[in-house]
Amino acid sequence: MSPHSNPVILRWVFVVVTLILFFSSLRIAAWIIGPLVSAFIMYYILSPPVDFLEAKGLSRTWSVVIVYFALVIISVVSGPFIVHWLDPNELQKNVPQYIQNAGDTLKNTLTHMEAKFDFLKKADLIPKLMTFTTRLEKDLPTYVVKGVLGLLGYLPFVIIVPYIAFYFLLDGRGFKREMIRGVPNRFFEDALRLFYKVDVQIAQFLRGLFIESLIVGTLAGVGLKLLGIDQYILLGVLTGLFNVVPYVGPLVAALFAIVISVTDQTGFSFFTYFTGAPAQYTPFYVLVLYILVRLFDDVVIIPVVMGKSMHMHPLLVVLAIFCGGELGGILGLILALPSLGVIHVTYQILFEILSKRREVQGTLATKTFWT
Amino acid sequence: MFFSKLRRTRELFVVIKKSQVFQDLTMLEWRRIESIMHERHFQNGELVFAEGEEGMGLYLILSGRVQMARNVDNVLKELGQLKRGESFGELTLIDGSGRTAQAVAMENTQLLGFFRPALLDLMQREPRIAAKVYSRLAEQAAQRLRRLLEDKKLAESF
């Protein structure tokens with residue numbers, strides 16, 4: 001394709017407008033769009049194992065049922081372990097401690113800095129910080145109750161999303177066929193091409209994102225375990241989940257881990273044991289761990305797993321995060337990158353097909369015209 | 001509902017058994033791949049595809065008639081007319097190249113489209129069926145090549 005037939009700015013405008021429309025509709029009808037989009041993502045992540053079983057000679061229905069059965073078994077078996085590791089009672093006791101310790105550390109640092117830099121005293125930071133932490137500690141139970149209630153609100157999701165995804169997996173091909181059945185004959189093959197390419201790209205992107213988050217979360221979890229942080233599972237899961245939000249997510253995850261590591265140094269730290277490094281600097285090691293994971297992700301995982309096909313301009317990614325966060329809240333933030341991926345690819349291929357070079361059919365009958 | 005669908009599957013199976021590309025499939029295999037086929041309806045005189053267009057795959061005629069024609073020195077030359085059970089567009093299915101001729105429906109025509117994404121999907125999912133389809137496609141391509149070479153030899157001998 002020649003460069004002038006690739007209208008980047010126009011495409012960006014289309015992408016951003018569509019993102020705004022999508023997230024606005026998410027805001028109005030989150031109850032229906034949320035489950036549908038989640039089921040859509042689940043469909044793309046689960047279809048490789050289902051296809052694999054089908055290639056082994058099983059029927060589609062059995063393949064889907066077996067994959068779901070495996071999922072149920074995994075969650076039933078791992079559920080008690082996770083609850084045990086997370087230890088809700090312990091967490092309930094510890095969280096106020098985390099906040100207090102983080103506040104104390106920050107206070108100490110500030111006092112230290114105020115002693116050095118006079119102008120900081122005028123800003124009155126320490127009292128402000130203290131009122132903030134005490135209020136946070138006092139209001140924490142309310143926040144927890146609100147948070148748990150909010151999570152309970154998502155409970156129907158847990159049932160309905162796999163339910164919708166089940167039918168997507170079962171009749172996926174039929175759905176796709178029905179979707180383009182209505183396209184008029186003259187556009188049919190182009191529509192089919194668009195549909196197919198978008199499908200392939202989205203699958204690659206969503207699976208890549210899933211695998212990337214899984215690896216990043218596991219790496220962070222293992223690293224934290226080695227550093228002797230007790231809440232390594234919770235933090236690993238959070239890191240994996242936040243990894244989906246570009247730039248901001250890893251930063252927030254690292255911040256969480258550092259705050260917890262200020263308090264939590266009770267576990268056995270392989271790192272300090274084997275290297276003899278002083279244990280009181282654990283928060284610093286956590287920071288280094290997150291920087292290393294980030295680097296590994298950027299240099300190794302993303303190029304290998306995602307490939308170059310899904311390269312999106314950083315500016316576009318930031319715009320998507322803004323739209324998602326502003327219009328869709330937490331869900332919008334998490335869905336920002338996946339939805340940008342889908343919309344971006346759709347427009348990219350649509351523009352590619354629309355700006356396809358048109359060949360001249362036959363030769364011009366100039367002679368008959370001029371004489 | 002279920003029975004009418006099954007009846008349709010049987011009806012289509014009768015036609016695909018007549019075609020060169022799908023003749024080796026069993027009813028069971030046909031039922032497994034039916035969902036990746038596209039049924040399209042064309043009216044009398046409607047263009048199915050034009051010469052030189054980027055194509056996606058082959059069409060099998062379920063009912064009706066299709067005229068194949070080619071632009072030779074700005075004159076449209078008919079290559080032949082195809083009827084129920086015959087297919088066209090195999091070359092595009094194999095290599096994704098542009099259409100080498102134009103196809104026009106000569107009456108109200110029902111076509112079954114089999115496109116490249118479906119073939120690629122089949123290779124992943126049902127390699128045995130894909131092998132059957134591919135061997136027939138290769139056979140057809142070989143026959144055409146042989147015919148072309150013979151025509152050329154014949155032309156040179158004059």
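**Exercise 1. Find how many salt bridges join chain A and chain B, and describe one of them.**

Solution. The count between chain A and chain B is four salt bridges, a salt bridge being a side-chain nitrogen of Lys or Arg within 4 Å of a carboxyl oxygen of Asp or Glu. One example pairs B:Arg99 with A:Glu189, whose closest N and O atoms are 2.9 Å apart.

The model is predicted: local features need pLDDT of at least 70, side-chain atom pairs count only at pLDDT 80 or more, and totals for chains, interfaces and linings use all residues. Residues are numbered from 1 along each chain as its sequence is written, chains are lettered from A in the order in which they are written, and side-chain values use heavy atoms, with hydrogens and water left out.

**Exercise 2. Describe the side of chain A that touches chain B, starting with its helices.**

Solution. Step one: α2 (30–55), α7 (155–181) and α8 (185–226) of chain A each supply at least two residues to this side. Helices here are DSSP runs (H or I, at least four residues), numbered from the N terminus. Step two: α8(A) gives the most, with six residues. Step three: sort the residues of this side by type, which yields eight nonpolar, six polar and eight charged. Nonpolar covers Ala, Val, Leu, Ile, Met, Phe, Trp, Tyr, Cys and Pro; charged covers Asp, Glu, Lys and Arg; the others, Gly among them, are polar.

**Exercise 3. State what area is buried between chain A and chain B.**

Solution. The size of an interface is often given as the accessible area lost when the parts come together. Buried area is that loss for two parts (1.4 Å probe), summed over both. Between chain A and chain B the area is about 2,100 Å², and carbon and sulfur atoms give 44% of it.

**Exercise 4. For the salt bridge of A:Arg294 and A:Asp297, give the distance, then decide whether each residue is buried or partly exposed.**

Solution. Step one: the closest N and O atoms of A:Arg294 and A:Asp297 are 3.2 Å apart. Step two: both residues lie in helix α12 (residues 282–306) of chain A, three residues apart, about one turn of the helix. Step three: apply the cut-offs, with buried under 20% relative accessible area, exposed over 50% and partly exposed in between (1.4 Å probe, protein chains only). A:Arg294 is partly exposed because its relative accessible area is 27%. A:Asp297 has 0%, so this residue is buried.
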